[in-house]
Amino acid sequence: PLPPMLRKAVGRPDCIALVGPTGAGTTTTAAKLAVRRGMFGANRTGLLTIDTYRVGGMEQLATYAELADVPFEVVYDAREIDAAIKRLSADCDVIIIDTPGRSPASAELTERWRSLLDNIAPDEVHLVLPASLRADLAVDIGRAYAPNRAHCGATHLLLSKLDEVPRESGVTDLALSLEMPTRWITDGQDVPADLKPGVPRLLRAWGLS
């Protein structure tokens, strides 16, 4: 569970980044986390995106942010990071960061946004993966997003699209194969309703109360 108040002593909001392959649902999940009232208790949320590649991605987040009255910033390069976070810090305790959905094989493009994310230095990086993904592919993707000498890496797992898995069979095995803590899952496209605590859902999927 998240602590009741996240703001650090130095005054910078806690930054939670979402990463994942194309189609995993990082942008929709970022919107769910940012606009859902009480998601972080009394902490106020803001949105920041470094996904300047996908057509419509920024516009989608900007619309959600406007409707929910959530501060929103777009960062194109490393020189803009400090100013964007400073503007968000004036009103936010938690910043949700959206990143481009990219195949790990897209080395050049992945290198660009991962370097940008390293400059932001998020406190947590949640790897968003569809629950229908084969376990062996999930493990390979997990390795691709793991921390290394060059980049910060995923610290948590966030399974998406549980509604697309019949009876949620194998979902818990998939989570266990990644060996990362799972705070949230998503089970639909509705923003922000289809966002749930991860552990109770995974335990139920495994047949435990």
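Is C152 buried, partly exposed or exposed? I checked this before anything else: C152 comes out partly exposed, with a relative accessible area of 27%.

**Confidence**

I'm working from a predicted model, so I pulled the pLDDT next. The chain averages 88, and 91% of its residues reach 70 or more. I then went element by element. Strand 6 (residues 156-160) has the highest mean pLDDT, at 97, while helix 4 (residues 107-120) has the lowest, at 82.

**Cysteines**

Back to the cysteines. I searched the whole structure for disulfides and got zero. For C152, the nearest cysteine sulfur belongs to C15 and sits 11 Å away, so with a cut-off of 2.5 Å no disulfide is assigned there. C92 is in no disulfide either: its nearest cysteine sulfur is again that of C15, at 9.9 Å. I looked up the burial of C92 too. C92 is buried, and its relative accessible area is 0%.

**Helix 2**

I spent the most time here. Helix 2 runs over residues 57-68, which makes twelve residues. From first C-alpha to last I get 17 Å, close to the 16 Å expected at 1.5 Å a residue.

Which residues of helix 2 are buried? My list reads G57, M58, L61, A65 and A68. Looking down the helix axis, I find these buried residues within an arc of 110 degrees, so they line one face of helix 2. The textbook reason for such a pattern is that an α-helix has 3.6 residues a turn, so residues three or four places apart point the same way.

Next I turned to the other side of helix 2, where E66 and L67 are exposed. I noted the leucine in that pair.

What covers the buried residues of helix 2? I find helix 1 (26-35) among the covering elements, along with strand 2 (45-49), strand 3 (72-74) and strand 4 (94-98).

One backbone note before moving on: D69, just after helix 2, takes a positive phi of about 60 degrees.

**R201**

My last stop was an arginine. R201 lies in helix 7, which covers residues 198-205. Is R201 buried or exposed? I have R201 down as buried, because its relative accessible area is 14% and the cut-off for buried is under 20%.

Then I listed what R201 touches, skipping residues up to four places away in sequence. The contacts are L162, E168, I185, D187 and K196. I wrote down E168 and D187 as the acidic names in that list, and K196 as a basic one.

Conventions
Residues are numbered from 1 along each chain as its sequence is written. This is a predicted model: local features need pLDDT of at least 70, side-chain atom pairs count only at pLDDT 80 or more; totals for chains, interfaces and linings use all residues. Side-chain values use heavy atoms; hydrogens and water are left out. Helices (H or I, at least four residues) and strands (E, at least two) are DSSP runs, numbered from the N terminus. Buried means under 20% relative accessible area, exposed over 50%, partly exposed in between (1.4 Å probe, protein chains only). Contact means heavy atoms within 4.5 Å. pLDDT is the predictor's confidence in each residue, from 0 to 100. The expected span of a helix is 1.5 Å times one less than its number of residues. The arc is that of the directions from the helix axis to the C-beta atoms.
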